[in-house]
Amino acid sequence: IRRKQRYWNDPEKARKLARQYREKLRAEFIQAYGGNCACCGEAEPAFLTLEHKNRDGAAHRKQFSTSTQVIAHLRSLGWPKEDYEILCFNCNRASWEQGICPHRKGAQDNA
């Protein structure tokens, strides 16, 4: 109820506080997971996203109504590393479409 009252009393301030919370939480998330793409090393925060290593991202996202809630949930769990990592959008998309990002496929071929 307090949140709704705060919003109606000063909606602009409420939106600003919410935006600051999301930005702070995202920065904390990026830092907790290494600060760059685990595949190619991209470090631009605008390009980084959460990767579910077990390919269960859709099921995980259905538990929450926003991506901010997903990230807040991971923080409440202590930023678990075994099932999650940061990938840039390109590596994330390639992993989803091809099963493995070409960057990692190349590394496997050379190993």
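**Exercise 1. Find the residue in β2 that stands opposite Leu50, then describe how β1 and β2 pair.**

Step 1. Look across from Leu50: the residue opposite in β2 is Ile86. Strands here are DSSP runs of E with at least two residues, helices are runs of H or I with at least four residues, and both are numbered from the N terminus.

Step 2. Now try Thr49, whose bridge partner in β2 is Leu87.

Step 3. Put the strands together: β1 and β2 pair in the antiparallel sense, over five bridges. Two strands count as paired if DSSP finds at least two bridges between them.

A word on the source: this is a predicted model, in which local features need pLDDT of at least 70 and side-chain atom pairs count only at pLDDT 80 or more, while totals for chains, interfaces and linings use all residues. Residues are numbered from 1 along each chain as its sequence is written, and side-chain values use heavy atoms, with hydrogens and water left out.

**Exercise 2. Decide how many residues of β2 are buried, and what that says about the strand.**

Step 1. Start with the cut-offs: buried means under 20% relative accessible area, exposed over 50%, and partly exposed in between (1.4 Å probe, protein chains only).

Step 2. Recall a rule: in a regular strand the side chains alternate between the two faces of the sheet.

Step 3. Check each face of β2. Tyr84, Ile86 and Cys88 are buried on one side, and Glu85 and Leu87 are buried on the other.

Step 4. Conclude: five of the five residues of β2 are buried, so the strand is largely enclosed by the rest of the structure. Its partner β1 is mostly covered too, with five of its five residues buried.

**Exercise 3. Work out which kind of aromatic pair Tyr33 and Trp79 make.**

Step 1. Know what to look for: a pair of aromatic rings is described by the distance of the centres and the angle of the planes. Rings of Phe, Tyr and Trp (its six-membered ring) pair if their centres lie within 6.5 Å; planes under 30 degrees apart count as stacked, over 60 as edge-to-face and the rest as tilted.

Step 2. A search of the whole structure finds three aromatic pairs. In the pair of Tyr33 and Trp79, the ring centres are 5.8 Å apart and the planes are at 90 degrees, so the pair is edge-to-face.

Step 3. Place the two residues. Tyr33 lies in the loop between α2 (11-32) and β1 (48-52), and Trp79 in the loop between α4 (67-76) and β2 (84-88), so the pair ties together parts that are 46 residues apart in sequence.

Step 4. Look at the surroundings. Tyr33 is buried at 10% relative accessibility, and Trp79 is buried with a relative accessible area of 11%. Together with Phe29, Tyr33 and Trp79 form one aromatic cluster. Lys81 lies over the face of Tyr33, at 5.0 Å from the ring centre; the test is that NZ of Lys or CZ of Arg is within 6 Å of the ring centre and within 35 degrees of the ring normal.

**Exercise 4. Which residues have a positive phi although they are not glycine?**

Step 1. One of them is Trp79, with phi near 55 degrees.

Step 2. Another is Arg55, with phi near 60 degrees. Arg55 is found in the loop between β1 and α3.

Step 3. Compare with the cut-offs: Arg55, at 47% relative accessibility, counts as partly exposed.

**Exercise 5. Is Trp96 buried or exposed?**

Step 1. Find Trp96 in helix α5.

Step 2. Read its relative accessibility, 57%: Trp96 counts as exposed.

Step 3. For a sense of scale, take the C-alpha atoms of Trp96 and Pro11, residues that are 85 apart along the chain: the separation is 39 Å.
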